[in-house]
Amino acid sequence: MQRVLGIDVGSYSVKMVLIQIDYNSCTIESAFEQKIEYDPNSTEITCRAKAIKALLETNKIQFDMVFAALGCENTIMKKFEFPKLKRK
């Protein structure tokens, strides 16, 4: 059995879902949401991090693996093309 935590960090709140995965099944164990409190003296990222920390500490969430959804403003992508190798 594995416990997987899914995290979605939005602009208004942080949502988390804890899922139990067995060999033949997948069960939602619990779901959580924390409103993001924006502080004019802190950055947006800091405020979002505080909301994540609050959810984890308040609910004492224990997990084996994490999957997270990130906003495109926090993601950088670059496409690489490599030459094809000749078969030996």
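Student: Where is Ile52 found in this model?

Tutor: In helix α1. Keep in mind that the model is predicted.

Student: Why is Ile52 called partly exposed?

Tutor: Its relative accessible area is 23%. Buried means under 20%, and exposed means over 50%. The value for Ile52 lies in between, so Ile52 is partly exposed.

Student: Which residues does Ile52 touch, leaving out those up to four places away in sequence?

Tutor: Val9, Val14 and Met16. Contact means heavy atoms within 4.5 Å.

Student: How far apart are Ile52 and Asp8?

Tutor: In sequence, 44 residues. In space, 9.8 Å from C-alpha to C-alpha.

Student: What makes β2 and β3 a pair?

Tutor: Pairing needs at least two bridges. Strand β2 (residues 13–21) and strand β3 (residues 26–35) are joined by 9 bridges, so they pair. The two run antiparallel. A hairpin of 4 residues links β2 to β3.

Student: Which residue in β3 stands opposite Leu18?

Tutor: Ser30. Leu18 also touches Ser30. Other contacts of Leu18 include Leu5, Ile28, Ile61 and Phe63, not counting residues up to four places away in sequence.

Student: How do you know that Leu18 is buried?

Tutor: Leu18 belongs to the largest nonpolar core. Such a core is a set of buried residues, so Leu18 is buried and its relative accessible area is under 20%.

Student: How many residues does that core have, and which elements each supply at least two?

Tutor: The core has 11 residues, among them Leu5, Val14, Phe32 and Leu55. β1 (2–9), β2 and α1 (44–59) each supply at least two.

Definitions and conventions: Residues numbered from 1 in each chain as written. Predicted model: local features only at pLDDT ≥ 70, side-chain atom pairs only at ≥ 80, totals over all residues. Heavy atoms only, no water. Core = buried A, V, L, I, M, F, W, Y, C linked by side-chain atoms within 4.5 Å. Buried < 20%, exposed > 50% of the residue type's maximum accessible area, 1.4 Å probe, protein only.
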